[in-house]
Amino acid sequence: MHELRFVYVSYIAATPQALWQALIDGETTRRYWHRVESSWQIGAPLTLWEEDGRVDQTGTVLVCDPPRKLAYTCQQVSFEAGRFEKPSRVSLLLEPVEDGIMRLTLTHDDFEPGSVVYAGITRSWPAILCGLKSLLETGSPLPFMQLP
């Protein structure tokens, strides 16, 4: 059986600390995506809040190794069909390529066979990570787009 796995690699002009902070700080994440809330301790809950105050996703921190690796489970809450799927897993690997350039590898996997969430994340993650890249490199995120 084929495992559903989404991998996206981006190169971002930023320091490891700036990229890490942009991934875990809720006031920063809300500028390019949703506000994230967690203590970032292993086993701690994680919540992604939409701008209108609704919960979009919940999860549990699996790995927190600053500024190198972050992983958490991801349960879709706002997307009704996704609420009934088991949580998937998001892993972020941060690697310096050269001075001031970081490689960010996102892997989103551990989906149920036939996942409806998988189709959505293949459209949303590239836009989210492009917004992150724009924010770190220019100071302004891309305008958030509702993806079909």
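1. W40 is buried in this predicted model, its relative accessible area being 9%. Because buried means under 20% relative accessible area, W40 at 9% falls in that class. The residue sits in the loop between β2 (35–38) and β3 (45–49). Its backbone also deserves a check: phi of W40 is near 65°, a positive value in a residue other than glycine.

2. D110 likewise has a phi near 65°, a positive value, and is not a glycine. This aspartate belongs to the loop that runs between β7 (101–109) and α3 (116–138). With a relative accessible area of 32%, D110 is partly exposed, whereas W40 is buried.

3. Which two residues are joined by a cis peptide bond? They are P66 and P67, and omega at this bond is about -15°. P67 lies in the loop between β4 (55–65) and β5 (69–76).

4. On the surface, V7, V9, Y11 and V97 make a nonpolar patch of about 320 Å². Strand β1 (residues 6–13) supplies the largest share of this patch, namely three residues.

5. Is Y11, one of the patch residues, buried or partly exposed? Y11 counts as partly exposed, because its relative accessibility is 41% and that class lies between the limits of 20% and 50%. Y11 is located in strand β1, the strand with the largest share of the nonpolar patch.

Notes:
Residues are numbered from 1 along each chain as its sequence is written. This is a predicted model: local features need pLDDT of at least 70, side-chain atom pairs count only at pLDDT 80 or more; totals for chains, interfaces and linings use all residues. Side-chain values use heavy atoms; hydrogens and water are left out. Helices (H or I, at least four residues) and strands (E, at least two) are DSSP runs, numbered from the N terminus. Buried means under 20% relative accessible area, exposed over 50%, partly exposed in between (1.4 Å probe, protein chains only). Patches are made of residues with over 30% relative accessible area and no salt bridge: like charges are joined within 9 Å, nonpolar side chains (Val, Leu, Ile, Met, Phe, Trp, Tyr) within 5 Å. Accessible areas come from the Shrake-Rupley method with a 1.4 Å probe; for residues, only the protein chains shown count as cover. A salt bridge is a side-chain nitrogen of Lys or Arg within 4 Å of a carboxyl oxygen of Asp or Glu.
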